[in-house]
Amino acid sequence: MPLAALNAVEVDYPGRGRALGPFSLTLEPGEIVALVGPSGCGKSTALRLLAGLEQPTSGRVERAAGRGETSVVFQAATLMPWAGALDNVALPLELAGSNRQAARAKAEGALARVRLKGARDAKPAQLSGGMAMRVSLARALVTEPRLLLLDEPFAALDEITRRALAQDIHVLWAESRPAIVFVTHNVEEAVFMAGRVLVMTPGPGRLAYEARIDAPLPRPEHIRASARFREQVEQVSAALQQAMAA
Amino acid sequence: MNRLHHGLAPLVLVAAILAVWEITVRVLATPDYLLPAPSAVVIALIDNAPILFASAATTLGMALSALIIASLVALALALAVALSPWLESAVRPLAVVLQVTPIVAIAPLVNIWAGLDHPQRAVIGLAALVAFFPIFSGAITGLKAIDPDLERLFKLYGATRLQTLRRLRLPSALPFLLEGHKVAAGLAVIGAVVAEFVSGSGGSQGLAWRLLEAANRLQTAKMFAALLLLGLMGAAAHALFQALETWALRRWRGR
């Protein structure tokens, strides 16, 4: 039984024409899928459909509709600047009506999972970019979602922070095994993180190529140097270039 | 050293202006009613201190009452408008018309409504009207100035309209509210003075009344003394709200 699915969805934006589709994607519980494609190929639109933040013009979206079943991490950390890390993480629980005490206790646990227990009172402006993204991850995880959507989580980070965050996401994934869909420009990050990499064509976004990455998850950092890994990165890059040229 | 220099700069300029002013008036023997020397202004201030300071307190009190009323009404209205887009479309044009109507033109009407024997109420009402707009438009702008991704997040987590208002829109609006109140504080003082001029009655004995009274008697030094108090009052109000804004923003952002 799939966890969520996009069935031949199409999204048209008034005045801008078709952004996505027809596009289909079936998600199994616990799998990690990367959407790779040029800017404006509708990757983020696909993500918003899965989040229920947008409706398709045509086609069908199947998703777990329960509160907190789906979490999103945006490209920017998207934290409330006036609230401390702990309050930011506790937000989804408090919005769902859980009392402040219980919400904060759970939020403490989530912060500990992203190794930020010491930063509980820090305001977002006092955190580095990588730390802020981890707070954002903790907030996404605090509801124990079955589907985690990451919209270019690496885009604003430097190389070292990016690799550390990729490792963190794998470790967190291994703890509760949510399905993860993430959007990225970065082919190497896609191949490192995902079990399936989907390459999309530029607007309107359609599936151009699908690669299965068979190395078991979570993956050690040194896998990046292996011949098989490099080969898969090359294959996906080539498919991406082809998709963009078409 | 550099900061000290910059801090002293305005004092040096003022001292220079005063010196030139004093010397020029003495050398040219300008009559007092035309341009009194700074020393004469100080003497007038000391001679009339009780009445001038009492009047300053009256003006300040009226400006403050106006600011509080304006703040409460503007916030309540902004919140109502934020919760109902329909109400916003309804209110906007009216607010603009009211904003561009000169306060001087409305004054006689407000005088009648306040009752001719309650000129203070008229002054407070008119000053509140002037102070209303920066707070109202600041609040409206602030309540809308939310990070679209944060808004999506609230939607994703099923936040109610009230939750979104209380936990997202109001805190987002804080910097705009502070700015609006800072501007409004200055305008409330100006509004109180202008309104007092226009309401043209000795019933509200603020600084504006003292200015009129002194002008009618050609007591120019006393006019300058009243102006000096007025300037100091405005500057103090501005500095106070500036400090409040800086402090609150630092707490809001955490640095």
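Select Val36(A) in this predicted model. Leaving out residues up to four places away in sequence, Val36(A) touches Thr184(A), Val187(A), Ala190(A), Val197(A), Leu198(A), Val199(A), Met200(A), Val236(A) and Leu240(A). Show these partners as sticks.

Now widen the selection to the core. The largest nonpolar core holds 87 residues. Val36(A) is among the members that touch the most others, together with Ala34(A), Leu50(A), Val89(A), Ala138(A), Val197(A) and Val236(A). Then jump to chain B for a moment. Another core, of 56 residues, lies apart from the largest one. Its members include Ala74(B), Leu126(B), Ala139(B) and Ala221(B).

**Along β3 and β8 of chain A**

Go back to Val36(A) and select residues 32–36, strand β3 of chain A. Add residues 196–200, strand β8 of chain A. β3(A) and β8(A) run parallel and are paired over four bridges. Which residue of β8(A) is the bridge partner of Val36(A)? Pick Val199(A): that is the partner. Colour β8(A) by burial next. Four of its five residues are buried, and the strand is mostly covered.

Step on to residues 207–212, strand β9 of chain A. Here the pairing with β8(A) is antiparallel, over five bridges. Leu198(A) has Glu210(A) in β9(A) as its bridge partner. Follow the backbone between these two strands: a hairpin of six linking residues takes β8(A) to β9(A).

**β7 of chain A**

Return to β3(A) and add residues 179–184, strand β7 of chain A. β3(A) pairs with β7(A) as well, in the parallel sense and over five bridges. Find Leu35(A); its bridge partner in β7(A) is Val183(A).

Why is β7(A) largely enclosed by the rest of the structure? Six of its six residues are buried, so the strand is largely enclosed. Check both faces. On one side sit Ala179(A), Val181(A) and Val183(A), all buried. On the other are Ile180(A), Phe182(A) and Thr184(A), buried too.

Next, select residues 147–151, strand β6 of chain A. β6(A) and β7(A) are parallel, joined by five bridges. Leu147(A) is bridged to Ala179(A) in β7(A). Trace the chain from β6(A) to β7(A): the path goes through helix α5 of chain A, residues 159–176. This β-α-β crossover is right-handed.

**The three-stranded sheet**

Move to another part of chain A. Three strands make an open antiparallel sheet here, in the order β2-β1-β4. Select β2 (17–27) and β4 (58–62) of chain A, which are the edge strands; each pairs on one side only. On average, neighbouring strands of this sheet are turned by 20 degrees against each other, direction ignored.

Add strand β1 of chain A, residues 4–13. Its antiparallel pairing with β4(A) spans four bridges. Label Leu6(A), which stands opposite Val61(A) in β4(A). Then display residues 43–51, helix α1 of chain A. α1(A) lies across β1, β2 and β4 of chain A and runs at about 125 degrees to β1(A).

**Where chain B meets chain A**

Last stop: the interface. Contacts link 18 residues of chain B with 17 residues of chain A. On the chain B side, select α7 (148–156), α8 (161–199) and α10 (220–253). Each of these helices supplies at least two residues of the side that touches chain A. Which helix gives the largest share? That is α7(B), with seven residues. Colour the chain B side by residue class to finish: nine nonpolar, three polar and six charged.

Methods: Residues are numbered from 1 along each chain as its sequence is written. Chains are lettered from A and ligands numbered from 1 in the order in which they are written. This is a predicted model: local features need pLDDT of at least 70, side-chain atom pairs count only at pLDDT 80 or more; totals for chains, interfaces and linings use all residues. Two strands pair if DSSP finds at least two bridges between them. Axes are lines fitted to C-alpha atoms, for helices over the stretch in contact, and angles run from 0 to 180 degrees between N-to-C directions. Two residues are in contact if their C-beta atoms, placed from the backbone, lie within 7 Å. A nonpolar core is a set of buried Ala, Val, Leu, Ile, Met, Phe, Trp, Tyr and Cys residues joined through C-beta atoms within 7 Å. A residue is buried if 20 or more other C-beta atoms lie within 10 Å of its own, exposed if 12 or fewer, and partly exposed in between; C-beta atoms are placed from the backbone. A crossover is right-handed if, with the strands pointing away from the viewer, the path from the first strand over the helix to the second runs clockwise. Ala, Val, Leu, Ile, Met, Phe, Trp, Tyr, Cys and Pro count as nonpolar, Asp, Glu, Lys and Arg as charged, and the others, Gly among them, as polar.
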